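Student: I have a structure to go through and would like to understand the labels attached to it. Could you take me through the reasoning?

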Amino acid sequence: MSGNHSDTDHLQKRVLLIVLALNFLLFVVLGLGGLFANSSALLANAVDNGSDAVVYLLSFLAVGRALIWKQRTARTSGIMLLVIAAAVLIDAIRRFVYGSEPGGWTMMTLAVVAAVINLSCLQLIRRQKSNDVNMRAAETFSFNDFASNGGILVAGGLVMGLKQSWPDLVVGMIVAAIALKGGVDILRSVSDEPERGPQAI
């Protein structure tokens, strides 16, 4: 039994390390792209991926530890998402007040690149078929990111077609809403964990 747990822990660590590296890469690329394109949606997605990278690092450190350690790590993940949602909303409001001129082509190009990477992360995590609270949190993050990429792609097209900045701001706020829901889902998952009777590690 302990051998099976050891193999599972090793595999989970490897997957988390891969998605951690990919999300950190997206944080850098989307952040630079958001600054270059003056895009609230890209910057929101970049910060989201950056927080994901931190959460994946925490989850990586939690693998193989006691359930209470995993629950605390997942709870930290959920709280971070709620903080990110608030930050994105504040940035969107600031850009609405002071104005912005997002670059549609840059938004669309980076959205496609990010979507491919996030979909790969999601598939890697789902292959584990794990009920571990941190792996479920990782799956939530990857799915949220993939959905956000689709919104940015649409917003980039609308910015180009309408020659207005509001689609970028709207998607930035939608990304915040997705992050908010993801954070709440993770916190609920942690609260429900004792009732599901997970296997001891």
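Tutor: Happy to; let us take the labels one by one, keeping in mind that this is a predicted model.

Student: What makes Phe24 and Phe27 an aromatic pair?

Tutor: Their ring centres are 6.2 Å apart, and rings pair if their centres lie within 6.5 Å, so the two qualify. The structure holds one such pair.

Student: Why is the pair called tilted?

Tutor: The ring planes stand at 40 degrees. Stacked needs under 30 degrees and edge-to-face over 60, so this pair is tilted.

Student: Where do the two residues sit in the chain's helices?

Tutor: Both belong to helix H1 (residues 2-37), and because they are three residues apart there, about one helical turn separates them.

Student: How do you know whether Phe24 and Phe27 are buried or exposed?

Tutor: Phe24 has 47% relative accessibility and Phe27 has 35%. Buried means under 20% and exposed over 50%, so Phe24 is partly exposed, and Phe27 is partly exposed too.

Student: And what does Ser39 count as, buried or exposed?

Tutor: Its relative accessibility is 0%, and the cut-off for buried is under 20%, so Ser39 counts as buried. Ser39 lies in the loop between H1 and helix H2 (40-62).

Student: What makes the link between Ser39 and Asp168 a polar contact?

Tutor: Their side chains are joined at 2.7 Å, and the limit is 3.5 Å between N or O atoms, so the distance fits. Leaving aside residues up to four places away in sequence, Ser39 also touches others, including Arg95 and Met107.

Note on methods
Residues numbered from 1 in each chain as written. Predicted model: local features only at pLDDT ≥ 70, side-chain atom pairs only at ≥ 80, totals over all residues. Heavy atoms only, no water. Phe/Tyr/Trp six-rings, centres within 6.5 Å; stacked < 30°, edge-to-face > 60°. Helix = DSSP H or I, 4+ residues; strand = E, 2+ residues; numbered from the N terminus. Buried < 20%, exposed > 50% of the residue type's maximum accessible area, 1.4 Å probe, protein only. Polar contact = N/O pair within 3.5 Å; in protein donor to acceptor, adjacent residues only side chain to side chain. Contact = heavy atoms within 4.5 Å.
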